[in-house]
Amino acid sequence: QVQLVESGGGLVQAGGSLRLSCVASGSTGSIGAMGWHRQPPGKQRELVAAIIRGGTPNYTTNYADSVKGRFTISRDNAKNTVYLQMDSLKPEDTAVYYCNAQLIQGYNYWGQGTQVTVSS
């Protein structure tokens, strides 16, 4: 099993920045991919960014079109932590952000979520 704990959410003005962190514990050696999803008020959860083991140099990153060029996902294996640097935030980025870890065996784990609110 894997446990995920997110932090770093909060209230920020449009154009500002926030950095989310997600610390993983447990069977971290089996994690193949980690990502950030978000769920805006009244909407479905959607993928924001993912970092996947493999590729060049060692990981591949994917981003939703709506955040490309503004958000950056990164991973620190020594700290078992994945980050989401969010710049040029917009009010439509307001959502609960969830960290996700997918094991190579296919199991999925979720964090408890952290609120990000962007004021106009």
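Me: Buried means under 20% relative accessible area, exposed over 50%, and partly exposed in between (1.4 Å probe, protein chains only). With that in hand, why is D65 called exposed?

Reply: D65 has a relative accessible area of 66%, and the cut-off for exposed is over 50%, so the label fits. One caveat: this is a predicted model, where local features need pLDDT of at least 70, side-chain atom pairs count only at pLDDT 80 or more, and totals for chains, interfaces and linings use all residues. Residues are numbered from 1 along each chain as its sequence is written, and side-chain values use heavy atoms, with hydrogens and water left out.

Me: What makes D65 and K68 a salt bridge?

Reply: The term asks for a side-chain nitrogen of Lys or Arg within 4 Å of a carboxyl oxygen of Asp or Glu. For D65 and K68 the closest N and O atoms are 3.1 Å apart, so the pair qualifies.

Me: And why is R38 called buried, but E46 partly exposed?

Reply: R38 sits at 4% relative accessibility, which is under 20% and therefore buried. E46 comes out at 32%, so it lands between the two cut-offs. Their side chains also meet in a salt bridge, 2.7 Å from N to O.

Me: Which residues are linked with that pair in a network of salt bridges?

Reply: R70 and D93 join R38 and E46 in the network. The side chains of R70 and D93 meet at 2.8 Å, N to O.

Me: How do you know that T81 is buried?

Reply: Its relative accessible area is 5%; the limit is under 20%, so T81 is buried.
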